[in-house]
Amino acid sequence: MTRILHRQTRNPLPVAVAGEGPYVIDSAGRRYLDASGGAAVSCLGHSHRGVIEAIKAQLDALPYAHTSFFTNEPAEALAEHLTSRAPAGISHVYFVSGGSEANETAFKLARQYFWNRGERERSRIIARQQSYHGNTLGALAVGGNAGRRAVYEPLLIEVSHIEPCYAYRHRRDDESEEAYGERAAAALEAEILRLGPGTVMAFVAETVVGATLGAVPPAPGYFRRIREICDRYGILLILDEVMSGMGRTGTLFACEQDGVTPDIVTCAKGLGAGYQPIGACLMSSTIYDTIAASPEGFQHGFTYIGHASACAGALAVQRAIEAEGLLDNCRKQGIRLAEALGQRFAQHAHVGDIRGRGLFIGVELVADRETKQPFAAQDRLNARVKAEAMEAGLMCYPAGGTADGVSGDHILLAPPFIITPSQVEEIVDKLAVAVDGAIAEVR
Ligand code: PLP
């Protein structure tokens, strides 16, 4: 009997004991192809020797030294690696232990930036409906996912939520992709004007929406328009790339493909690829300079910031991605996977949409393809797909199926960048079995 409060307590979990490339092996010897990288984490698979050796070497030299006394070499080298590849204008980084901490850091950085500049009325954040930015109370308040928030309301910070950029459900039939992007971005300006421009400090969005909508990329031009609006009103643009960053979409930062530089960008999952828990909050030189010049310094910190072994692991991961040309494979296999899914599900009565970027792909399931009517939330279709997939030896990350019917159940696929063409086929074959099995249970 387990003594752990797991996320779900109904069914006992298999015990993971080993990893082999993109496979996880349980204590009964069953193999699971990790088609979601856990939760878009394991971009190198589960047994990269170079990364493991780098972490061991750092543990031998120095596992950890508190950053109020010292900096350390792996943290400095990782900061250099990331900032030298980040969009122009991003100059400094703050290392934490995961995505929620990275976002908490981003929000406090934004607040202190305006505080130090004497713009103290700017405390409001605008984010988007159906978004997820982490589970600590600040990050949860910024997220617009009704289900995750409900139990914990009232939340700590006042945040307003505009509609997400979600073409499958919100683009009108007579509208081009670009016109839709323009219209979706205009919602930000309207909300800024409603709140009063001088009271807003930041707009927060995932560049490509992961867990809550299932790999939904922005419409073309959406973020360029958002950037213009933020600039017009002196508001910071914070992009959450905790899930979509670090190569997952085929470029190191997902926003490179949208031609925008955020003021702050957060990343986590793929940064350490699961070998170590680590997240990062990258910031513009303007923000860094303002806070560095303030008498109080940054009024924030965690015990494990800049953790030496975590940074050594992440540095080895990021170097391996470059040395092994894995962004290239991510782009190639991403196209292959999207095409294979498209072919397999082209005529499927319950697959409404397949979208994404790179190896970050979402499949949205609907009760009716014509009307896009989702399955009933109480059918728990996405949980059934997950269970059927595990039965078939496949890990995928299903979510959605919100009670309000604003989106369908979806399956997020985010396999490791080392995936091969035959493993892509294995994903599609097993997923088709899982989807049909789950739908048969509810029809
Ligand atoms: N932001 C996004 C976009 C995420 O997908 C997640 C986790 O799924 C988080 C933040 C929170 O990250 P963590 O679970 O590492 O705290």
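Begin by selecting Ala 18, which stands opposite Ile 25 in strand E2, and keep in mind throughout the tour that this is a predicted model. Ala 18 belongs to strand E1 (16-20), and four bridges join E1 to strand E2 (residues 23-26), with the two running antiparallel. Now widen the selection to the open sheet of four strands, whose order is E1-E2-E3-E13 and whose pairing is mixed. E1 and E13 stand at the edges with a single partner strand each, so one side of each is left without a neighbour in the sheet.

Next, select helix H15 (residues 421-442). At 1.5 Å a residue its 22 residues should span 32 Å, and because its end C-alpha atoms are 32 Å apart, the model agrees with that expectation. Colour the buried residues of H15, among them Val 424, Ile 427, Lys 430 and Leu 431, and then look at what surrounds them: they pack against strand E3 (31-34) and strand E13 (394-395), as well as against helix H13 (326-345), strand E12 (360-365), helix H14 (381-391) and strand E15 (409-413).

From E12, move to strand E11 (residues 351-357), where seven of its seven residues are buried. Six bridges join E11 to E12, and these strands run antiparallel; to see one pair, select Asp 353 together with its bridge partner in E12, Glu 364. The two strands form a hairpin with two residues between them, and Gly 358 in the turn has a positive phi of about 60 degrees.

Stay with the backbone for a moment and select Arg 380, in the loop between E12 and H14. Arg 380 has a positive phi of about 50 degrees although it is not a glycine. Is Arg 380 buried or partly exposed? With 18 C-beta neighbours inside 10 Å, Arg 380 counts as partly exposed.

Compare this with Met 246, found in the loop between strand E8 and strand E9 (264-267). Met 246 also is not a glycine and has a positive phi, of about 60 degrees, but Met 246 is buried, with 30 other C-beta atoms within 10 Å. Most residues other than glycine have a negative phi, and most peptide bonds are trans. For a peptide bond that departs from this, select Glu 153 and Pro 154, where the bond is cis, with omega near 0 degrees; Pro 154 lies in the loop between helix H6 (146-150) and strand E6 (159-162).

Now select strand E7 (residues 200-206), which is mostly covered, since seven of its seven residues are buried. Three bridges join E7 to strand E5 (residues 124-128) in parallel, and Ile 126 stands opposite Phe 203 in E7. E7 also pairs in the parallel sense with strand E8 (residues 236-241), over five bridges, and there Ala 202 stands opposite Leu 236.

Phe 203 leads on to the largest nonpolar core, which has 139 residues; Phe 203, Ala 110, Ile 264, Ala 280 and Cys 281 are the ones that touch the most other members. The largest share of this core, ten residues, comes from helix H12 (residues 308-323). Select Cys 281 and display its contacts, including Val 93, Tyr 94, Leu 109 and Ile 264.

Finish at the ligand, which has 15 residues around it, with Gly 98, Gly 99, Ser 100, Gly 134 and Val 242 coming nearest. Helix H4 (residues 99-116) gives the most to this shell, with three residues, and the shell divides into six nonpolar, seven polar and two charged residues.

Conventions. Residues numbered from 1 in each chain as written. Predicted model: local features only at pLDDT ≥ 70, side-chain atom pairs only at ≥ 80, totals over all residues. Core = buried A, V, L, I, M, F, W, Y, C linked by C-beta atoms within 7 Å. Buried ≥ 20, exposed ≤ 12 C-beta atoms within 10 Å, placed from the backbone. Contact = placed C-beta atoms within 7 Å. Expected span 1.5 Å × (residues − 1). Near = placed C-beta within 6 Å. Nonpolar A, V, L, I, M, F, W, Y, C, P; charged D, E, K, R; others polar. Pairing = 2+ DSSP bridges. Lists of a residue's contacts leave out its neighbours within four places in sequence.
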